[in-house]
Amino acid sequence: MSVISIPRKIYINAIASEGETELNAFDNCLVKSGLPQVSLIKVTSILPRDIIVINDPPNLPLGCNVPTIYAVYSSCEKGKLLAGALAIGWTDGPTLVAEFASEGMSKEKAEKEALFRLEKMAEARGLRIIKKIVVSVDHVVEKCGCVLVFAAEVE
């Protein structure tokens, strides 16, 4: 068995949810995203150039481990604004992904930050971004809130 894989498809999403605790808020994001049955394994932000993006939850096996590029931010401070964004940039080399989540900003500001990070990743590699997409979410905490943005390998 090899631990090296080359993803062909990724499922992307930007989700916000509430829960009784920060952990429950995060778990509720997974449920809301359509991935309640898997464990996310955090990986860094490089994908193949021919990666295919899907927007509908995949049917993954119960209990599987899913390599995922993600950012998450949780808080139990009522009224706090949380935001997250994930930017994907196709280049003539690899596909780059910049993920970001924080507090005290709108999803539009989170998008700008993710896009800035994406541009800097391309610049560091001497690459030009040909096409890009961004997903984002923001959320005002009611009890314990969470924002989650991700690109999960599904094939």
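**Exercise 1. Identify how strand E6 is connected to strand E7, and describe what lies in the connection.**

*Solution.* In this predicted model, a hairpin of 3 residues leads from E6 into E7.

Step 1. Establish the pairing on either side of the turn. E6 covers residues 81-91 and runs antiparallel to E7, with 8 bridges between them. One bridge pair consists of Gly89 and Leu96, the latter in E7.

Step 2. Locate a residue of the loop. Gly93 belongs to the loop between E6 and E7.

Step 3. Decide whether Gly93 is buried or exposed. The cut-off for a buried residue is under 20% relative accessible area. Gly93 has a value of 12%, so Gly93 is buried.

Step 4. Find the residues that Gly93 meets from elsewhere in the chain. When neighbours within four places in sequence are set aside, Gly93 is in contact with Arg49 and Leu127. Arg49 is 44 residues away from Gly93 along the chain, yet their C-alpha atoms are separated by 6.1 Å.

**Exercise 2. Characterise strand E7 by its burial and by its pairing with strand E3.**

*Solution.*

Step 1. Determine the burial of the strand. E7 spans residues 95-103, and 8 of its 9 residues are buried, which leaves the strand mostly covered.

Step 2. Examine the pairing with E3. Strand E3, residues 46-47, pairs with E7 in the antiparallel sense, over 2 bridges.

Step 3. Name the residues of one bridge. Ile46 has Leu96 of E7 as its bridge partner. Leu96 is also the E7 bridge partner of Gly89.

**Exercise 3. Analyse the salt bridge between Lys80 and Glu103, stating where each residue lies and how accessible each one is.**

*Solution.*

Step 1. Confirm the interaction. The side chains of Lys80 and Glu103 form a salt bridge with an N to O distance of 3.1 Å.

Step 2. Place the two residues. The pair links distant parts of the chain, 23 residues apart: Lys80 is in the loop between strand E5 (65-75) and E6, whereas Glu103 is in strand E7.

Step 3. Classify each side by accessibility. Lys80 has 17% relative accessibility and therefore counts as buried. Glu103 has 31% and therefore counts as partly exposed.

**Exercise 4. Explain why the salt bridge between Arg8 and Glu155 ties together parts that are 147 residues apart in sequence.**

*Solution.*

Step 1. Start from the total. The whole structure contains 8 salt bridges. One of them is formed by the side chains of Arg8 and Glu155, at 2.1 Å from N to O.

Step 2. Place the residues. Arg8 lies in the segment before strand E1 (9-19) and Glu155 in the segment after strand E9 (144-153); the pair therefore ties together parts 147 residues apart in sequence.

Step 3. Assess accessibility. Arg8 is partly exposed at 49% relative accessible area, and Glu155 is partly exposed at 37%.

Step 4. Look for further members. A network of salt bridges links Arg8, Lys9 and Glu155.

**Exercise 5. Describe the salt bridge between Lys120 and Glu123 and its setting within helix H2.**

*Solution.*

Step 1. State the distance. The closest N and O atoms of Lys120 and Glu123 are 3.4 Å apart, and the two residues form a salt bridge.

Step 2. Relate the pair to the helix. Both residues lie in helix H2 (residues 107-125), with a separation of 3 residues, about one turn of the helix.

Step 3. Classify the two residues. Lys120 counts as partly exposed at 38% relative accessibility. Glu123 has a relative accessible area of 55% and is exposed.

How values were computed. Residues numbered from 1 in each chain as written. Predicted model: local features only at pLDDT ≥ 70, side-chain atom pairs only at ≥ 80, totals over all residues. Heavy atoms only, no water. Buried < 20%, exposed > 50% of the residue type's maximum accessible area, 1.4 Å probe, protein only. Helix = DSSP H or I, 4+ residues; strand = E, 2+ residues; numbered from the N terminus. Pairing = 2+ DSSP bridges. Contact = heavy atoms within 4.5 Å. Salt bridge = Lys/Arg side-chain N within 4 Å of Asp/Glu carboxyl O.
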